[in-house]
Amino acid sequence: MMKLRILLLSLLVVYTIHFMAQESYSNDVTCVKADDNIAVITASGTAEKKKDVYNMALKSIFNAIFLNGIDGVENGQPLVGKEDSYFMNQFFSSRYMLFVKNYETVGDPVRQSSKLYNGTVTAQILLGALKKDLIRNKLMTRPQEEMSMEETRQQIALPTIMVVPYKSNDRSSYADILKNDFDLRIAVSTVKEGFVKLGVKTVAAEGKQSGTLRASEWESKNADSNDKQLLMNSGADVYVIVDLQKDISAASGSRVSLIMTARETATGVDLASRKSWTNRFRTTDVDKLCAYAAQDVLDGFLKDISKEFARKVQQGNTVVLRVSLSDNAINTMNSRINGSTTLSAHIRNWVRKNAQGGRYHIQGAVDDSLIFDSIQIPAKDSDGLPMDCITFADNLVNYLNDSGIDSEHRVDGSTIYLTIQ
(Lines give C-alpha, C1' and ligand atoms only; values in the text may rest on other atoms or scores of the structure.)
Protein backbone atom coordinates (compact mmCIF):
# COMPACT_ATOMS: atom_id res chain seq x y z
CA MET A 1 0.00 0.00 0.00
CA MET A 2 2.87 2.34 0.92
CA LYS A 3 4.58 1.63 -2.45
CA LEU A 4 1.36 2.48 -4.30
CA ARG A 5 1.11 5.81 -2.45
CA ILE A 6 4.73 6.63 -3.29
CA LEU A 7 4.12 5.78 -6.96
CA LEU A 8 1.00 7.94 -7.13
CA LEU A 9 2.81 10.80 -5.40
CA SER A 10 5.68 10.53 -7.88
CA LEU A 11 3.33 10.64 -10.84
CA LEU A 12 1.59 13.65 -9.34
CA VAL A 13 4.91 15.46 -8.92
CA VAL A 14 5.92 14.69 -12.52
CA TYR A 15 2.55 15.90 -13.83
CA THR A 16 2.74 19.05 -11.69
CA ILE A 17 6.25 19.87 -12.94
CA HIS A 18 5.16 19.32 -16.55
CA PHE A 19 2.03 21.45 -16.02
CA MET A 20 4.07 24.24 -14.42
CA ALA A 21 6.62 24.11 -17.23
CA GLN A 22 3.88 24.49 -19.79
CA GLU A 23 2.24 27.30 -17.81
CA SER A 24 5.56 29.18 -17.62
CA TYR A 25 5.42 29.86 -21.34
CA SER A 26 3.71 33.13 -22.13
CA ASN A 27 0.79 33.50 -24.52
CA ASP A 28 1.68 37.18 -24.99
CA VAL A 29 3.19 36.58 -28.43
CA THR A 30 2.68 38.85 -31.46
CA CYS A 31 3.99 38.69 -35.02
CA VAL A 32 5.37 42.01 -36.29
CA LYS A 33 6.06 40.73 -39.82
CA ALA A 34 6.94 37.45 -41.49
CA ASP A 35 7.88 35.85 -44.78
CA ASP A 36 8.90 32.32 -45.74
CA ASN A 37 12.36 32.68 -44.17
CA ILE A 38 12.24 35.21 -41.32
CA ALA A 39 9.56 36.03 -38.75
CA VAL A 40 9.88 39.06 -36.47
CA ILE A 41 8.01 38.30 -33.27
CA THR A 42 7.54 40.10 -29.95
CA ALA A 43 6.93 38.08 -26.78
CA SER A 44 7.02 38.45 -23.01
CA GLY A 45 8.67 36.03 -20.60
CA THR A 46 8.40 35.35 -16.87
CA ALA A 47 10.98 33.74 -14.57
CA GLU A 48 12.14 33.65 -10.97
CA LYS A 49 15.53 35.11 -11.92
CA LYS A 50 16.24 38.15 -14.08
CA LYS A 51 18.78 36.28 -16.23
CA ASP A 52 16.17 33.71 -17.27
CA VAL A 53 13.44 36.14 -18.35
CA TYR A 54 14.52 36.72 -21.93
CA ASN A 55 15.23 33.03 -22.54
CA MET A 56 11.70 32.26 -21.36
CA ALA A 57 10.35 34.92 -23.76
CA LEU A 58 12.21 33.30 -26.66
CA LYS A 59 11.00 29.86 -25.65
CA SER A 60 7.45 31.23 -25.49
CA ILE A 61 7.79 32.21 -29.16
CA PHE A 62 8.72 28.68 -30.20
CA ASN A 63 6.07 27.13 -27.94
CA ALA A 64 3.43 29.27 -29.66
CA ILE A 65 4.78 28.52 -33.16
CA PHE A 66 4.79 24.78 -32.46
CA LEU A 67 1.57 24.21 -30.54
CA ASN A 68 -0.80 27.19 -30.70
CA GLY A 69 -0.02 29.13 -33.86
CA ILE A 70 0.63 32.87 -34.18
CA ASP A 71 -1.48 35.19 -36.33
CA GLY A 72 0.67 36.23 -39.28
CA VAL A 73 2.91 33.14 -39.21
CA GLU A 74 1.96 30.21 -41.49
CA ASN A 75 -1.66 31.42 -41.64
CA GLY A 76 -1.92 31.18 -37.87
CA GLN A 77 -1.61 27.38 -37.94
CA PRO A 78 0.69 25.57 -35.48
CA LEU A 79 3.65 23.92 -37.18
CA VAL A 80 3.48 20.79 -35.01
CA GLY A 81 0.07 20.87 -33.31
CA LYS A 82 0.74 17.86 -31.09
CA GLU A 83 3.57 17.77 -28.58
CA ASP A 84 6.43 15.32 -29.08
CA SER A 85 8.02 15.17 -25.61
CA TYR A 86 11.44 13.90 -26.76
CA PHE A 87 11.84 16.55 -29.46
CA MET A 88 10.44 19.34 -27.26
CA ASN A 89 12.72 18.55 -24.32
CA GLN A 90 15.77 18.46 -26.55
CA PHE A 91 14.76 21.57 -28.48
CA PHE A 92 13.95 23.79 -25.48
CA SER A 93 16.96 22.65 -23.45
CA SER A 94 19.69 23.23 -26.02
CA ARG A 95 18.61 23.88 -29.62
CA TYR A 96 16.16 26.77 -29.73
CA MET A 97 18.86 29.47 -29.99
CA LEU A 98 20.02 27.94 -33.30
CA PHE A 99 16.87 29.41 -34.86
CA VAL A 100 17.14 32.91 -33.34
CA LYS A 101 18.96 35.21 -35.75
CA ASN A 102 19.05 38.01 -33.18
CA TYR A 103 16.82 39.69 -30.62
CA GLU A 104 16.39 42.98 -28.81
CA THR A 105 15.14 43.50 -25.28
CA VAL A 106 12.60 46.12 -24.30
CA GLY A 107 13.83 47.71 -21.06
CA ASP A 108 14.91 45.69 -18.03
CA PRO A 109 12.93 42.85 -16.44
CA VAL A 110 10.35 44.16 -13.96
CA ARG A 111 9.55 42.40 -10.71
CA GLN A 112 5.85 41.60 -10.36
CA SER A 113 3.70 41.33 -7.22
CA SER A 114 4.12 37.56 -7.56
CA LYS A 115 7.88 38.17 -7.02
CA LEU A 116 8.52 36.82 -10.54
CA TYR A 117 10.33 38.94 -13.13
CA ASN A 118 8.73 39.83 -16.47
CA GLY A 119 10.36 41.17 -19.63
CA THR A 120 9.82 41.52 -23.38
CA VAL A 121 11.92 40.71 -26.45
CA THR A 122 11.57 41.27 -30.17
CA ALA A 123 13.29 38.44 -32.04
CA GLN A 124 14.10 37.50 -35.61
CA ILE A 125 13.24 33.80 -35.96
CA LEU A 126 14.76 31.72 -38.76
CA LEU A 127 11.39 30.35 -39.82
CA GLY A 128 12.57 28.68 -43.03
CA ALA A 129 15.36 26.81 -41.23
CA LEU A 130 12.97 25.86 -38.43
CA LYS A 131 10.48 24.29 -40.86
CA LYS A 132 13.27 22.31 -42.55
CA ASP A 133 14.35 21.03 -39.14
CA LEU A 134 10.80 19.93 -38.33
CA ILE A 135 10.51 18.18 -41.69
CA ARG A 136 13.83 16.42 -41.09
CA ASN A 137 12.61 15.26 -37.68
CA LYS A 138 9.29 14.12 -39.23
CA LEU A 139 7.20 16.51 -37.15
CA MET A 140 6.03 18.43 -40.20
CA THR A 141 5.23 17.27 -43.73
CA ARG A 142 7.07 18.74 -46.68
CA PRO A 143 5.18 21.60 -48.35
CA GLN A 144 3.15 20.17 -51.21
CA GLU A 145 4.77 22.40 -53.81
CA GLU A 146 8.19 20.96 -52.84
CA MET A 147 7.18 17.30 -53.07
CA SER A 148 8.97 15.19 -55.63
CA MET A 149 6.95 12.93 -57.91
CA GLU A 150 8.01 9.92 -55.85
CA GLU A 151 6.83 11.56 -52.62
CA THR A 152 3.57 12.46 -54.32
CA ARG A 153 3.21 8.89 -55.59
CA GLN A 154 3.53 7.56 -52.01
CA GLN A 155 0.63 9.71 -50.81
CA ILE A 156 -1.69 9.82 -53.80
CA ALA A 157 -1.73 7.86 -57.04
CA LEU A 158 -0.41 9.78 -60.03
CA PRO A 159 -3.21 10.59 -62.46
CA THR A 160 -4.17 8.44 -65.41
CA ILE A 161 -3.65 10.56 -68.52
CA MET A 162 -5.22 10.65 -71.98
CA VAL A 163 -3.32 12.60 -74.65
CA VAL A 164 -5.45 14.28 -77.32
CA PRO A 165 -4.71 16.65 -80.23
CA TYR A 166 -5.49 20.36 -80.16
CA LYS A 167 -8.83 21.27 -81.77
CA SER A 168 -9.18 24.59 -83.56
CA ASN A 169 -12.95 24.17 -84.01
CA ASP A 170 -15.85 22.02 -82.84
CA ARG A 171 -16.53 20.44 -86.22
CA SER A 172 -13.50 18.15 -86.26
CA SER A 173 -13.25 15.19 -83.90
CA TYR A 174 -10.06 13.92 -82.30
CA ALA A 175 -10.25 10.91 -84.62
CA ASP A 176 -10.48 13.12 -87.73
CA ILE A 177 -7.51 15.24 -86.64
CA LEU A 178 -5.33 12.24 -85.87
CA LYS A 179 -6.31 10.68 -89.20
CA ASN A 180 -5.61 13.75 -91.33
CA ASP A 181 -2.67 15.46 -89.58
CA PHE A 182 0.25 13.05 -89.66
CA ASP A 183 2.72 15.33 -87.85
CA LEU A 184 0.30 16.11 -85.03
CA ARG A 185 -0.40 12.40 -84.68
CA ILE A 186 3.35 11.89 -84.23
CA ALA A 187 3.43 14.62 -81.57
CA VAL A 188 0.51 13.08 -79.65
CA SER A 189 2.08 9.62 -79.83
CA THR A 190 5.46 10.94 -78.69
CA VAL A 191 3.97 12.68 -75.66
CA LYS A 192 1.98 9.59 -74.72
CA GLU A 193 5.08 7.37 -74.96
CA GLY A 194 6.99 9.90 -72.89
CA PHE A 195 4.44 9.67 -70.08
CA VAL A 196 4.63 5.87 -70.18
CA LYS A 197 8.42 6.04 -69.75
CA LEU A 198 7.90 8.26 -66.70
CA GLY A 199 5.74 5.56 -65.10
CA VAL A 200 2.35 7.14 -65.77
CA LYS A 201 -0.68 5.07 -66.75
CA THR A 202 -2.14 6.36 -70.02
CA VAL A 203 -5.37 5.79 -71.94
CA ALA A 204 -5.21 5.60 -75.75
CA ALA A 205 -7.75 8.01 -77.25
CA GLU A 206 -8.12 6.09 -80.51
CA GLY A 207 -8.65 2.74 -78.78
CA LYS A 208 -11.16 4.18 -76.34
CA GLN A 209 -13.04 5.88 -79.15
CA SER A 210 -13.25 2.67 -81.18
CA GLY A 211 -14.68 0.84 -78.17
CA THR A 212 -17.26 3.56 -77.59
CA LEU A 213 -18.32 3.46 -81.24
CA ARG A 214 -18.72 -0.32 -81.14
CA ALA A 215 -20.88 0.01 -78.03
CA SER A 216 -22.97 2.71 -79.75
CA GLU A 217 -22.63 4.98 -76.71
CA TRP A 218 -22.59 8.30 -78.60
CA GLU A 219 -25.49 10.52 -77.62
CA SER A 220 -25.29 12.65 -80.76
CA LYS A 221 -23.49 12.98 -84.06
CA ASN A 222 -21.88 16.27 -83.05
CA ALA A 223 -18.09 15.86 -83.06
CA ASP A 224 -17.45 18.15 -80.08
CA SER A 225 -20.18 16.51 -78.00
CA ASN A 226 -18.84 13.06 -78.80
CA ASP A 227 -15.30 14.06 -77.88
CA LYS A 228 -16.52 15.40 -74.54
CA GLN A 229 -18.24 12.07 -73.93
CA LEU A 230 -15.02 10.32 -74.87
CA LEU A 231 -13.09 12.28 -72.24
CA MET A 232 -15.68 11.83 -69.50
CA ASN A 233 -15.96 8.08 -70.13
CA SER A 234 -12.25 7.48 -70.69
CA GLY A 235 -11.32 6.69 -67.09
CA ALA A 236 -8.54 9.30 -67.35
CA ASP A 237 -8.12 11.76 -64.47
CA VAL A 238 -6.33 14.24 -66.72
CA TYR A 239 -6.35 14.93 -70.43
CA VAL A 240 -3.38 16.61 -72.08
CA ILE A 241 -3.98 18.70 -75.20
CA VAL A 242 -1.03 18.71 -77.59
CA ASP A 243 -0.39 21.15 -80.40
CA LEU A 244 2.62 21.28 -82.72
CA GLN A 245 4.41 24.20 -84.31
CA LYS A 246 7.03 23.54 -86.97
CA ASP A 247 9.95 25.53 -88.37
CA ILE A 248 11.41 23.19 -90.98
CA SER A 249 14.41 24.22 -93.06
CA ALA A 250 16.84 21.87 -94.77
CA ALA A 251 19.33 24.74 -95.15
CA SER A 252 19.41 26.38 -91.70
CA GLY A 253 18.14 23.46 -89.60
CA SER A 254 14.71 22.56 -88.25
CA ARG A 255 12.97 22.95 -84.93
CA VAL A 256 9.56 22.23 -83.44
CA SER A 257 7.57 23.35 -80.43
CA LEU A 258 5.23 21.16 -78.39
CA ILE A 259 2.45 23.18 -76.77
CA MET A 260 0.81 21.19 -73.98
CA THR A 261 -2.04 21.94 -71.61
CA ALA A 262 -3.18 19.54 -68.87
CA ARG A 263 -6.77 19.72 -67.65
CA GLU A 264 -8.64 17.83 -64.98
CA THR A 265 -11.17 15.66 -66.79
CA ALA A 266 -13.93 15.99 -64.21
CA THR A 267 -13.94 19.80 -64.09
CA GLY A 268 -11.96 21.04 -67.10
CA VAL A 269 -9.75 23.09 -64.75
CA ASP A 270 -6.25 23.79 -66.11
CA LEU A 271 -3.52 22.02 -64.12
CA ALA A 272 -0.38 22.87 -66.06
CA SER A 273 0.91 24.16 -69.38
CA ARG A 274 4.26 24.10 -71.17
CA LYS A 275 5.66 25.43 -74.42
CA SER A 276 9.23 25.22 -75.60
CA TRP A 277 11.08 25.31 -78.91
CA THR A 278 13.83 22.80 -79.52
CA ASN A 279 17.24 23.83 -80.76
CA ARG A 280 17.77 23.64 -84.51
CA PHE A 281 18.85 20.27 -85.85
CA ARG A 282 20.12 19.19 -89.26
CA THR A 283 17.06 17.08 -89.95
CA THR A 284 13.56 17.44 -91.36
CA ASP A 285 12.34 14.32 -89.51
CA VAL A 286 9.42 15.52 -87.39
CA ASP A 287 9.46 12.26 -85.43
CA LYS A 288 12.99 12.95 -84.16
CA LEU A 289 12.28 16.62 -83.52
CA CYS A 290 9.20 15.75 -81.43
CA ALA A 291 11.27 13.29 -79.41
CA TYR A 292 13.80 16.06 -78.68
CA ALA A 293 11.00 18.44 -77.65
CA ALA A 294 9.36 15.85 -75.38
CA GLN A 295 12.70 15.09 -73.76
CA ASP A 296 13.17 18.79 -72.97
CA VAL A 297 9.80 19.56 -71.38
CA LEU A 298 7.90 16.40 -70.44
CA ASP A 299 9.53 15.68 -67.08
CA GLY A 300 8.93 19.24 -65.85
CA PHE A 301 5.41 19.21 -67.26
CA LEU A 302 4.54 16.03 -65.37
CA LYS A 303 6.04 17.50 -62.19
CA ASP A 304 3.74 20.51 -62.61
CA ILE A 305 0.78 18.15 -62.84
CA SER A 306 1.99 16.11 -59.85
CA LYS A 307 2.26 19.27 -57.73
CA GLU A 308 -1.40 19.98 -58.39
CA PHE A 309 -2.28 16.42 -57.43
CA ALA A 310 -0.08 16.68 -54.32
CA ARG A 311 -2.37 19.48 -53.15
CA LYS A 312 -5.20 16.96 -53.31
CA VAL A 313 -3.56 15.08 -50.43
CA GLN A 314 -5.17 17.74 -48.24
CA GLN A 315 -7.86 19.19 -50.49
CA GLY A 316 -9.27 15.96 -51.89
CA ASN A 317 -10.30 15.07 -55.44
CA THR A 318 -13.04 16.56 -57.59
CA VAL A 319 -15.77 14.30 -58.97
CA VAL A 320 -18.89 14.69 -61.08
CA LEU A 321 -22.20 13.12 -60.01
CA ARG A 322 -24.99 12.59 -62.57
CA VAL A 323 -28.24 11.27 -61.07
CA SER A 324 -31.05 10.05 -63.33
CA LEU A 325 -34.16 7.88 -63.15
CA SER A 326 -34.57 4.47 -64.72
CA ASP A 327 -37.38 3.97 -67.25
CA ASN A 328 -39.54 2.16 -64.69
CA ALA A 329 -38.62 4.26 -61.64
CA ILE A 330 -41.44 4.69 -59.15
CA ASN A 331 -40.10 8.02 -57.88
CA THR A 332 -39.19 11.38 -59.37
CA MET A 333 -36.71 13.87 -57.96
CA ASN A 334 -39.65 15.62 -56.29
CA SER A 335 -40.98 12.50 -54.55
CA ARG A 336 -41.06 12.73 -50.75
CA ILE A 337 -38.67 10.43 -48.90
CA ASN A 338 -40.00 9.12 -45.58
CA GLY A 339 -42.68 11.78 -45.75
CA SER A 340 -40.22 14.64 -45.35
CA THR A 341 -37.72 15.97 -47.91
CA THR A 342 -37.79 15.39 -51.64
CA LEU A 343 -35.46 12.84 -53.22
CA SER A 344 -33.50 15.67 -54.81
CA ALA A 345 -33.04 17.42 -51.44
CA HIS A 346 -32.24 14.07 -49.78
CA ILE A 347 -29.29 13.58 -52.16
CA ARG A 348 -28.20 17.23 -51.96
CA ASN A 349 -28.10 17.11 -48.16
CA TRP A 350 -25.88 14.02 -48.23
CA VAL A 351 -23.51 15.61 -50.74
CA ARG A 352 -23.37 18.83 -48.69
CA LYS A 353 -22.42 16.90 -45.54
CA ASN A 354 -19.88 14.62 -47.24
CA ALA A 355 -18.19 17.05 -49.64
CA GLN A 356 -14.88 18.47 -48.42
CA GLY A 357 -15.76 21.73 -46.69
CA GLY A 358 -19.24 21.50 -48.21
CA ARG A 359 -17.80 22.50 -51.60
CA TYR A 360 -19.97 21.41 -54.53
CA HIS A 361 -21.83 22.93 -57.46
CA ILE A 362 -25.11 21.87 -59.06
CA GLN A 363 -25.29 22.28 -62.82
CA GLY A 364 -28.98 21.45 -63.09
CA ALA A 365 -31.94 19.88 -61.32
CA VAL A 366 -35.21 18.80 -62.97
CA ASP A 367 -37.88 16.16 -62.31
CA ASP A 368 -35.88 13.32 -63.82
CA SER A 369 -32.22 14.27 -63.25
CA LEU A 370 -29.80 15.99 -60.91
CA ILE A 371 -26.29 16.95 -62.04
CA PHE A 372 -23.42 17.96 -59.75
CA ASP A 373 -20.68 19.15 -62.12
CA SER A 374 -18.19 19.57 -59.27
CA ILE A 375 -17.96 17.89 -55.84
CA GLN A 376 -14.81 18.23 -53.77
CA ILE A 377 -14.43 14.93 -51.92
CA PRO A 378 -12.12 14.45 -48.89
CA ALA A 379 -8.64 13.06 -49.47
CA LYS A 380 -9.21 10.50 -46.71
CA ASP A 381 -12.19 8.93 -44.97
CA SER A 382 -12.92 8.92 -41.22
CA ASP A 383 -10.55 5.94 -40.79
CA GLY A 384 -7.68 7.80 -42.45
CA LEU A 385 -7.86 5.66 -45.59
CA PRO A 386 -7.66 7.23 -49.09
CA MET A 387 -11.01 8.37 -50.45
CA ASP A 388 -11.58 7.86 -54.16
CA CYS A 389 -14.46 8.28 -56.56
CA ILE A 390 -15.60 4.67 -56.27
CA THR A 391 -15.66 4.73 -52.45
CA PHE A 392 -17.57 8.02 -52.47
CA ALA A 393 -20.13 6.49 -54.86
CA ASP A 394 -20.47 3.34 -52.73
CA ASN A 395 -21.11 5.46 -49.63
CA LEU A 396 -23.88 7.37 -51.42
CA VAL A 397 -25.53 4.16 -52.64
CA ASN A 398 -25.43 2.70 -49.11
CA TYR A 399 -27.03 5.88 -47.77
CA LEU A 400 -29.83 5.64 -50.31
CA ASN A 401 -30.34 1.95 -49.58
CA ASP A 402 -30.69 2.75 -45.86
CA SER A 403 -33.41 5.22 -46.85
CA GLY A 404 -35.28 2.56 -48.80
CA ILE A 405 -34.18 3.84 -52.24
CA ASP A 406 -32.88 1.31 -54.74
CA SER A 407 -30.21 2.49 -57.17
CA GLU A 408 -27.53 1.33 -59.53
CA HIS A 409 -24.30 3.10 -60.35
CA ARG A 410 -21.19 2.98 -62.47
CA VAL A 411 -18.00 5.01 -62.30
CA ASP A 412 -16.03 6.22 -65.31
CA GLY A 413 -12.88 8.04 -64.28
CA SER A 414 -14.04 10.84 -61.98
CA THR A 415 -17.69 10.69 -63.03
CA ILE A 416 -20.38 8.83 -61.07
CA TYR A 417 -23.51 7.78 -62.97
CA LEU A 418 -26.28 7.01 -60.46
CA THR A 419 -29.60 5.60 -61.64
CA ILE A 420 -32.57 5.58 -59.27
CA GLN A 421 -34.69 2.45 -59.71
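In the predicted model, threonine 30 stands opposite threonine 42 of strand 2. The two strands concerned, strand 1 and strand 2 (residues 38–47), run antiparallel and are joined by five bridges. They belong to an open sheet of four strands. The strand order is 1-2-4-3, and the pairing is antiparallel. Strand 1 (29–34) and strand 3 (100–111) form the edges, each pairing on one side only. Between neighbouring strands of this sheet the average turn is 15°, direction ignored.

Two helices lie across strands of this sheet. Helix 2 crosses strand 1, strand 2, strand 3 and strand 4 (117–126). Its direction makes an angle of about 50° with strand 4. Helix 4 lies across strand 2 and strand 4, and runs at about 80° to strand 4.

Helix 2 covers residues 50–68. Its 19 residues, at 1.5 Å a residue, should span 27 Å. The end C-alpha atoms are 26 Å apart, so the helix agrees with the expected span. Of the 19 residues, 14 are buried, and helix 2 is thus mostly covered. Glycine 69 comes just after helix 2 and takes a positive phi of about 85°.

Helix 4 comprises residues 127–136 and contains aspartate 133. This acidic residue is buried: its relative accessible area is 2%, under the 20% cut-off. Leaving aside residues up to four places away in sequence, aspartate 133 touches Phe87, Arg95 and Phe99.

A buried residue is also found in a loop. Leucine 158 lies between helix 5 (149–155) and strand 5 (161–165). With a relative accessible area of 14%, leucine 158 counts as buried, because the limit is 20%. Leucine 158 and valine 200 are separated by 42 residues in sequence. In space, their C-alpha atoms are 6.9 Å apart.

Further along the chain, strand 14 (residues 415–420) pairs with strand 10 and with strand 13. Strand 10 (residues 318–325) pairs with strand 14 in the parallel sense, over six bridges. Here leucine 321 has isoleucine 416 of strand 14 as its bridge partner. Strand 13 (residues 407–412) also forms six bridges with strand 14, but in the antiparallel sense. Histidine 409 is the bridge partner of leucine 418 in strand 14. Strand 14 is mostly covered, with five of its six residues buried.

The cysteines were considered next. The structure holds zero disulfides. A disulfide is a covalent bond between the sulfur atoms of two cysteines. Cysteine 290 is buried, with a relative accessible area of 0%. Cysteine 389 is buried as well, at 9%.

Totals for the chain complete the description. The protein chain contains 12 helices and 14 strands. Of its 421 residues, 43% are buried. The accessible surface comes to about 23200 Å². Carbon and sulfur atoms account for 47% of that surface. Among contacts between residues at least 6 apart in sequence, 62% join residues at least 24 apart.

Notes
Residues numbered from 1 in each chain as written. Predicted model: local features only at pLDDT ≥ 70, side-chain atom pairs only at ≥ 80, totals over all residues. Heavy atoms only, no water. Expected span 1.5 Å × (residues − 1). Buried < 20%, exposed > 50% of the residue type's maximum accessible area, 1.4 Å probe, protein only. Contact = heavy atoms within 4.5 Å. Disulfide = S-S within 2.5 Å. Areas by Shrake-Rupley, 256 points an atom, 1.4 Å probe, with all protein chains shown as cover. Pairing = 2+ DSSP bridges. Axes fitted to C-alpha atoms, helices over the stretch in contact; angles between N-to-C directions.
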